[in-house]
Amino acid sequence: MAEKVNSRQGEDNTMFSPYKMGNFNLSHRVVLAPMTRCRALEGIPQPTMGEYYSQRATQSGFLISEGTTISPTAAGYPRVPGIYSEEHVGAWKNIVDAVHAKGSIFFCQLWHVGRASHSVYQPGGAAPISSTNKSLSARCKVLLPDGSIDSHPDPRGLNTYEIPEIVEHYRQSAINAIRAGFDGIEIHSAHGYLIDQFLKDGINDRTDEYGGSYENRCRFLLQVVKAVASAIGPERVAVRISPAIDFLDAIDSDPLGLGLEVVKRLNNLQKELGSKLCYLHVTHPRFWLKPTSQLGIPNTEEEQGKLLRTLRKAYDGTFMSAGGFTRDAGMKAIAEGDTDLVSYGRHFISNPDLVLRFKINAPLNDYNRKLFYTADHVIGYTDYPFLSKPSET
Ligand SMILES: Cc1cc2nc3c(=O)[nH]c(=O)nc-3n(C[C@H](O)[C@H](O)[C@H](O)COP(=O)(O)O)c2cc1C
């Protein structure tokens, strides 16, 4: 049995025991994972998104929004919402209000896809921006607004002097998210998107102060975290990383080493700020692991568990895990102190009342993968059946 590392919340660590996450008192540990659902219209969140999120909200539960773009260059999927204009803020406000009315805490995930985009999404049809000029491999494809798929065009590596402007976009978007009523923000630094394109040595080939050493590869992330934390307060800021996930060619020669270097820097930053961040969210490698995975990515369930456990032990604060968790695996990870919170993705898509179903160990609805990214506001989005009336969750 794994060593118990989290005694700070007392002995009663179960999926349904309360958890104090910084300033937020959660009534249980089942979190809605951030999930792109492509139901916004030209970047503007739509009213049905309020229905979708509030269906999944519970009293003192915790929800994370879909990846939400921080600037016009940040999108790489159709119909993703933004948080950089007044219209975005106004539209999100209604959605956040609907979630708050159900008693949940709601964070906005801030997203820039970097090179995982296409010229159709870029202002003036320009090349997507990245840490590098290197293209994604042919196995990676991008979904276009008309539903077709295409290869990614060659990206344009950012000039050093352009980076502060991107950091400013994160800062302003965080302020906007708070203005829209969100309780905090999660910085998407995972899954091969812009910040991960700086972190991973399989992508980042820069020769300036943003490339090479760990210090340099972590610099962009740390600058973003600092800027956002100083704008809205560290206790409202969370970070998501996936050091061992090779989605979108995001390969690192030493995933655990990279994860520990990020954690070390976040711990130091927390000391410097005199306050903890809200949480660190790490995606379990099993979510993306493909036979094409490169050496260095842990292969077995045991190796992957060890990687997460090592990061969890090293991080000084609330730890959230995601990726392929079943009810039982989540319960076990919490009970053994491997994580404080578990975020659920696909099961939460098809089970709006997932929390209740987990509580009473009810069967789950199957999800329909084909409807994950479609435009319909009902089918595959808000029409998954409840076990009982939404008000009873
Ligand atoms: C349809 C879909 C969209 C997703 N979009 C995002 C996203 O916007 N941001 C993010 O960090 N992760 C995203 N993910 C990953 C999920 O947050 C989660 O880590 C993943 O689904 C693994 O959890 P699960 O096995 O419980 O589904 C997405 C996953 C799915 C299935």
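**Exercise 1. Determine which side chain makes a polar contact with the side chain of K276, and describe the setting of K276.**

Solution. Step 1: the side chain of K276 makes a polar contact with that of D316, at 3.3 Å. A polar contact is a pair of N or O atoms within 3.5 Å; within protein, one must be able to donate a hydrogen and the other to accept it, and residues adjacent in sequence count only if both atoms are side-chain atoms. The model is a predicted one, in which local features need pLDDT of at least 70 and side-chain atom pairs count only at pLDDT 80 or more, while totals for chains, interfaces and linings use all residues. Residues are numbered from 1 along each chain as its sequence is written, and side-chain values use heavy atoms, with hydrogens and water left out.

Step 2: locate the residue. K276 belongs to the loop between α6 (255-273) and β12 (279-283). Helices (H or I, at least four residues) and strands (E, at least two) are DSSP runs, numbered from the N terminus.

Step 3: list the contacts, where contact means heavy atoms within 4.5 Å. Apart from neighbours within four places in sequence, K276 touches P234, E235, Q270, D316 and G317.

Step 4: classify the exposure. K276 has a relative accessibility of 39% and therefore counts as partly exposed. Buried means under 20% relative accessible area, exposed over 50%, and partly exposed in between (1.4 Å probe, protein chains only).

Step 5: turn to G274, which is also found in the loop between α6 and β12. Its relative accessible area is 69%, so G274 is exposed. From G274 to Q55 the C-alpha distance is 37 Å, with their positions 219 residues apart in sequence.

**Exercise 2. State whether G114 is buried or exposed, and which residues it contacts.**

Solution. Step 1: G114 sits in the loop between β5 (105-111) and β6 (129-130). Step 2: with a relative accessible area of 0%, G114 is buried. Step 3: neighbours within four places in sequence aside, its contacts are P128, I129, L194 and Q197. Step 4: S54 lies 60 residues from G114 along the chain, and their C-alpha atoms are 30 Å apart.

**Exercise 3. Explain why C38 and C278 form no disulfide.**

Solution. Step 1: apply the rule that a disulfide is a pair of cysteine sulfur atoms within 2.5 Å. Step 2: for C38 the closest cysteine sulfur is that of C108, 16 Å away, which is too far for a bond. Step 3: for C278 the closest is again in C108, at 14 Å, and this too is too far for a bond. Step 4: the count by this rule is zero disulfides. Step 5: check the burial of both residues. C38 is buried at 0% relative accessibility, and C278 is buried at 2%.

**Exercise 4. Identify what is notable about phi in C38 and S60, and where each residue lies.**

Solution. Step 1: phi of C38 is near 60°, a positive value in a residue other than glycine. C38 is placed in the loop between β3 (30-32) and α1 (47-55). Step 2: S60 likewise has a positive phi, near 60°, and is not a glycine. S60 occupies the loop between α1 and β4 (62-69), and is buried at 18% relative accessible area.

**Exercise 5. Find how many residues of α1 are buried, and which elements they pack against.**

Solution. Step 1: seven of the nine residues of α1 are buried, and the helix is thus mostly covered. Step 2: these buried residues are T48, M49, G50, Y52, Y53, S54 and Q55. Step 3: they pack against β3, β4, α2 (86-101), β5 and α9 (346-350).

**Exercise 6. Describe which residues surround the ligand and how much of the ligand is buried.**

Solution. Step 1: 19 residues surround the ligand, with P34, T36, R240, G324 and R346 the closest; a residue is near a molecule if one of its heavy atoms lies within 4 Å of it. Step 2: the shell comprises eight nonpolar, nine polar and two charged residues. Here Ala, Val, Leu, Ile, Met, Phe, Trp, Tyr, Cys and Pro count as nonpolar, Asp, Glu, Lys and Arg as charged, and the others, Gly among them, as polar. Step 3: a side-chain N or O atom of R346 lies 2.6 Å from an oxygen atom of the ligand. Step 4: taken alone the ligand exposes 600 Å², of which the protein buries 95%; accessible areas come from the Shrake-Rupley method with a 1.4 Å probe, and for residues only the protein chains shown count as cover.
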